[in-house]
Amino acid sequence: MRYIIFGLLMQLCMVAKSQELFVYTEPASNMAAKSIGFRLNNTFMKVDGTQKYNYHFLPEIMFGISKHIMVHTEAFFSTRNNGLKAEGGLLYMKYRFYSEDAVHSHFRMAVFARGALNNSDIHQPAINLNGHNSGLETGFTATKLINKVALSAGVSHLYAADNSNGNKFYYGKKDRNAMGYHVSFGKLLLPKEYTSYNQTNVNGMLEVLGQTNLQSGKSYVDLAPSVQFIILSRMRLDIGYSFPVLKDLERTTSSGVMVRFEYNIFNAF
Amino acid sequence: MKKLFLIMSILFASFAQAQVTKVNLQASGLTCSMCSNAINKSLKSLDFVEKVMSNISTSTFEITLKPGASFTFDDLKKKVEDAGFFVANMNADVNFSNIKVEKDQHINYAGMTFHFLNGKGQVLNGAKTIQVIDKGYVTSKAFKKNQSLTSMECYKTGVAGKCCAKEGLSSESRIYHVTI
């Protein structure tokens, strides 16, 4: 497995073109001002130790407020408890505060905050504001194009509140805080040469996603390879698979597939 | 009557021939087609833009302006920045009509004030290409290098300062620093 991962990383470092529209994480760049993006996020996560899959449906709307600020809103639905049920939603905001651009390259930094409300039962000590926990996340992301390879890294602080409907975070008061981190690589596979906006772009990504609980010190680290199709320069189809390489910090589902469809409208308001 | 005909013919000539016909810009900070399309759509939203021809590989955009429409280079730059990127290079095709340019002289033309940094007293006639070299229109390295072309402080700020007082420009009015 180590050799495979090393091989994939080497591949990504040797590519001619890059992308930073990552599947599992947000880059430091923002969407265009006055644009709106619609996303249908779907995750199929295997319940560890069983043959059962949990389906999470997370519709999302994104707004480019200005060149510096973008906002996401997202709703949560899942089949964790008998049928597809609405479980809450989140608000995400990113502020790009630094940009150093050259032709075909850039270095950007951004800070972000995510607030989530969730009414489902809490079932794991790992914190996931994207459909599992109520809470707050604040973080920092930096993204750079180096020799036309996109590299993004970020770190965040996660705080898990009690979920609504009387669902307590019962793993201990100090276990409510965790550190999240990620490193993401991206590569444009097709087209070899750009000729028009109608060409479908195919991107390959590899992301490392981790979390360490600040009280217990336990961690999980996932690897998430993904493929992305950009259609007509305004739509995206993302297909990813995440699996753990370290699962010290317990989760009920640790591996599974993500399928996302995204549609962007430029100059929408 | 002859004077009236002369005035009318001058007016007609100035309307018939647009002063700025095309702007070519290169954007920085992008490699993907969706990012390029964001700039393309952003530029097309301007009411004075007739057509945008883009090259995704080189991040360049050839913008044809509507004849007679008023515009400023800052309008175009803002749209590139709104899309999340920056201008690395901007050239404009300008139809000049008997305009004499001297070094460090300010000239009102096409609804904008130009400061030619490399004017040598030449008289400009017909289609010429000028490059805007203000801050934010070239790389920061090029902006620093071009400082050697003038000692006037308006180059650093892009607006009229004390250095421009003798030419009667109102304080803080926008000046586009260009080379030809």
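**Reading a barrel chain and its contact**

Me: This is a predicted model, so let's start with the contact: how many residues does it take from chain B and from chain A?

Reply: The contact draws 23 residues from chain B and 28 residues from chain A. On the chain B side, the elements that give two or more residues are β1 (20–28), α2 (33–44), α3 (73–82) and β4 (86–102) of chain B. α2(B) gives the most, with six residues.

Me: What about the chemistry: how do the residues on that side of chain B divide into nonpolar, polar and charged?

Reply: Go by residue class. The side of chain B that touches chain A has eight nonpolar, 12 polar and three charged residues.

Me: Over to chain A. Which elements does chain A have?

Reply: Count helices and strands, then read their order. Chain A has one helix and 12 strands, and from the N terminus the helix comes before the strands, as α-β-β-β-β-β-β-β-β-β-β-β-β.

Me: And what do the 12 strands close into?

Reply: Follow the pairing from strand to strand. In chain A they close into a barrel, in the order β1-β2-β3-β4-β5-β6-β7-β8-β9-β10-β11-β12, with antiparallel pairing. Neighbouring strands are turned by 20 degrees against each other on average, direction ignored.

Me: Over how many bridges do β10 and β11 of chain A pair?

Reply: Strand β10 (residues 219–231) and strand β11 (residues 235–247) of chain A pair in the antiparallel sense over 10 bridges. Within that pairing, Tyr220(A) has Lys247(A) in β11(A) as its bridge partner.

Me: Why does the radius of gyration of chain A agree with a compact globule?

Reply: Because a compact globule of 269 residues would have a value near 18 Å, and chain A has 18 Å. Buried residues make up 39% of chain A.

Technical notes: Residues numbered from 1 in each chain as written. Chains lettered and ligands numbered in written order. Predicted model: local features only at pLDDT ≥ 70, side-chain atom pairs only at ≥ 80, totals over all residues. Contact = placed C-beta atoms within 7 Å. Helix = DSSP H or I, 4+ residues; strand = E, 2+ residues; numbered from the N terminus. Nonpolar A, V, L, I, M, F, W, Y, C, P; charged D, E, K, R; others polar. Pairing = 2+ DSSP bridges. Axes fitted to C-alpha atoms, helices over the stretch in contact; angles between N-to-C directions. Rg over C-alpha atoms; globule rule 2.2 N^0.38 Å. Buried ≥ 20, exposed ≤ 12 C-beta atoms within 10 Å, placed from the backbone.
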